Amino acid sequence: MTNIDAYTHVRGETVYLDDIPETAGTLYACVYGSPVAHGRIRQLDLSEALQLPGVVRIFTSKDIPGKNQIGGIVPDEPLLAENEVHYNGMPVALVVATSVETAQAAVKRIKIDIEPLPVITDPRVAQKNGSLLVPPRTFSLGDTTAAFTNCKYIVEGIAETNGQEHLYIETQGAYAIPGEHESIKLYSSTQGPTAVQRHAADVLGIPMHRIEVDVTRLGGGFGGKEDQATSWAIFCALAAMLLRKPVKYSLHRMEDMRMTGKRNPYSSDFKIGLDIDFTILAYEATFYQNGGAAADLSPAVLERTLFHCTNSYFVPNVKATAYSCRTNLPPNTAFRGFGGPQGMFVIEAAIAKAAEQIGVPASVIQQRNLIQTGDEFSYGQKAESEAVECWNKATSLYEMEKLKAEVENFNAANTLFKKGLSLMPICFGISFTKTLMNQARALVHVYTDGSIGISTGAVEMGQGVNTKMLQVAANIFSVDPAMIKVYSTNTYRIANTSPTAASAAADLNGKAVEIACEKIADRLKDVAAEILKCDRKNITINGQKVFLGKDATQLTWKELVMAAYVKRVSLSEHAHYATPGLHFDATIEKGHPFAYHVYGTAITTVTVDCLRGTYEIDAVRIVHDFGKSMNTIIDKGQIEGGLVQGIGWMTMEEIVYDAEGRLRSNALSTYKVPDIYSVPKLLDIHFLETSNDNLAIFRSKAVGEPPLMYGIGTFFALRNAVKAFNPASGIGYSAPMTPEKVLMGLYTSGND
Ligand code: MTE
Ligand code: LUZ
Ligand code: MOS
């Protein structure tokens, strides 16, 4: 089944936030962000801006009727600055005008006098100063200190990963329309409609039930709109409520890049200990997460780093400590993988460094230590592992030995071009790490003509979740997909939603749809049994016909639905689903936080131009654990998109802040993302159908985030190519592996 949005996407008919027809009298908002990264506001001068014709009003923190607070996990983030600013771009004032151009021009006329304070951008410096967003956390298993005394090899080092700009094609934005009795209708490009509703209610000082948040779809979110869509929506809601006018704000790309947070950069220390047979006996890591100026989702991201710090390996002795460091950057936030990639990169670096010192390929260590069913993760959950199956399938299907020989022969025959190869196994836990968030609701209506409408808490952002919701209903009712419509995500219809995140939207909301549809189907079968005067157990609905045993009856789906209505049987259902079996005790950092894990293995080959430092990705070959995919077209798209996004993070996407905390890579001319020329020349994806029972919807495992981590393989393949040219290279473990870094690595030597 193709994505239900494909047709309108291709025709340009899809409605994003900025395409919503505007109500007469609509005003336009624009935020004035702090020009410096840290300081005390001495004076804010709005007079010149207010004189501009068309400026309706300029709001500051003093105008907020409720609480000036939007922090989700920690209440440490004002909507508008009061006395201090903590990052460059922090909202200080909100201009509302009769046109977008006027609002933008007025922002340029605002003057501010700020007494500068020291700017910190480095997480290690912040940690030394005791500047943490939340207390540090440690996950441990076994006894690393004792285990290190038994190790034949011990290797230590530093690994670093940079941030990443979400670059959703649709920038952040919202549109607020005031209604009667102090209500507001809020269109928001958000992954978290309920977060928008809750924080808007707090800031406006009104109850949640007066705020209707409606989301048709996003032009991409990638985690960047899990938390950070909220402020823009509240700005619109605030102005709409106080001015009694519709207010819209759709950010300019450069505003979005400057004012929103990104993937958390990390700097980390590692120490790995191996036995004579390359078994990893002990692993220690210390993570310094660059959180930015407010907690946002960083504490949760940090937690997932710890959960995934041993990737898909079993390590019997682990000690991992993580610091969430407060710096003067925009608050960093969720990004596909949510801290998992940052943690996994570090153990891959540790294995690569150990392999180099021992003199074996990293793949020997990787394979030796793959986690097996029954092995314990450092947080106490036992693995139901597909790691070995994925690895073995990848190395056999793609003829690893042959690929290796090809690389070796090429490198022996060429001096100015070198190839590199790497293997990258992945393991990603599916569920929100905060247990309470693993719940969802669905509302299903069957209309008297037999057509069906579905509402859930899931937000469509290109990942195809609406198509999957539709498939669930079509499957349970056994009707033509054309009979079903999936409605916008709306807080008046579905309350208290978790954000669409953690790759869990299809599972959580899909199970709720399944439950709702089954309840309606059960009632319909009762009606059919009554009409056909037979045993209820023999009734099935198949292809819009009612069956009695194996035989089709005269009764059609449409007639059955109408008959149920006539008999005054309910044709609607609201269902709730909560993932069973989840628990986690943060006081001991042990439990069973994930419904299941997703596994896979990628083999990456690259070619480096050793004169220029440029490179091409020859091939990425992936064996991925899908469980049993319910939509192979969508799932393949998720693997392709996730992989390329991961490759971008690992190779070319380079966020640069200067010492004053100003974003230098603030446009698409200075921030390079992968394009069609930088994707792998060959991309092969093998759908591994795995048989372990799982809690995925129709056993079709979550696929949104895990493939991003295959991109990590590209970093190590490039590194291997550089080492083939210059074995003494001190190229290190600092991502992204830009062509500049490759060139330096080719021609300088030293210790990593
Ligand atoms: N795919 C597209 N096209 N656009 C997106 O914004 N977000 C990713 C992933 N795939 C995203 C995407 C992220 S970060 C997550 S958590 C999942 O989709 C969320 O959707 P799911 O729970 O339905 O997988
Ligand atoms: N968001 C969140 C996430 O709030 N909790 C999570 O565990 C998570 N995991 C991945 C992506 N977003
Ligand atoms: Mo995805 S980072 O969970 O939005």
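Reader: What share of the contacts in the chain with a separation of 6 or more comes from residues 24 or more positions apart?
Author: This is a predicted model, where local features need pLDDT of at least 70, side-chain atom pairs count only at pLDDT 80 or more, and totals for chains, interfaces and linings use all residues. Residues are numbered from 1 along each chain, chains are lettered from A and ligands numbered from 1 as written, and side-chain values use heavy atoms without hydrogens or water. Taking contact as heavy atoms within 4.5 Å, the share held by residues 24 or more positions apart is 79%.

Reader: How many helices and how many strands does the chain have?
Author: Happy to count them: helices (H or I, at least four residues) and strands (E, at least two) are DSSP runs numbered from the N terminus. The C-alpha trace that carries them spans about 80 × 80 × 50 Å along its principal axes. The tally is 19 helices and 29 strands.

Reader: How much of the chain is buried?
Author: Start from the outside: the accessible surface (Shrake-Rupley, 1.4 Å probe; for residues, only the protein chains shown count as cover) comes to about 28200 Å². Carbon and sulfur atoms own 52% of that surface. With buried set at under 20% relative accessible area, exposed at over 50% and partly exposed in between, the buried part of the 752 residues is 61%.

Reader: Which residue offers a backbone atom 2.8 Å from a nitrogen atom of ligand 1?
Author: Let us go round the site, where 19 residues surround ligand 1 (a heavy atom within 4 Å), with Gly 221, Phe 222, Met 461, Ala 505 and Gln 638 the closest. A polar backbone atom of Phe 222 is 3.0 Å from an oxygen atom of the ligand. The side chain of Arg 336 brings an N or O atom to 3.2 Å from a ligand nitrogen. The 2.8 Å distance to a nitrogen belongs to a polar backbone atom of Met 461.

Reader: And how much of the accessible area of ligand 1 does the protein cover?
Author: Besides the 2.8 Å distance between a ligand nitrogen and the backbone of Met 461, we can look at the whole ligand surface. On its own, ligand 1 has 520 Å² of accessible area, and the protein covers 92%.

Reader: What percentage of the area of ligand 2 does the protein bury?
Author: The residues around ligand 2 include Phe 338, Phe 432, Met 437 and Glu 705. Its nitrogen atoms have side-chain N or O atoms at 2.8 Å in Glu 226 and at 2.9 Å in Arg 304. A backbone N or O atom of Thr 433 is 2.9 Å from a ligand oxygen. Of the 290 Å² that ligand 2 exposes when taken alone, the protein buries 96%.

Reader: Is Ser 691 buried or exposed?
Author: Ser 691 sits in the loop between strand E29 (682-689) and helix H18 (712-725). Apart from neighbours within four places in sequence, Ser 691 touches Glu 386 and Arg 699. Glu 386 is 305 residues away along the chain, yet the two C-alpha atoms are 9.3 Å apart. The relative accessible area of Ser 691 is 68%, so this serine counts as exposed.

Reader: Which accessibility class does Ile 73 fall into?
Author: Another loop residue, Ile 73 lies between strand E3 (55-59) and strand E4 (84-85). Beyond four places in sequence, Ile 73 contacts Asp 296, Leu 297, Pro 299 and Ala 300. Because its relative accessibility is 44%, Ile 73 is partly exposed.

Definitions and conventions: A polar contact is a pair of N or O atoms within 3.5 Å; within protein, one must be able to donate a hydrogen and the other to accept it, and residues adjacent in sequence count only if both atoms are side-chain atoms. Buried means under 20% relative accessible area, exposed over 50%, partly exposed in between (1.4 Å probe, protein chains only).
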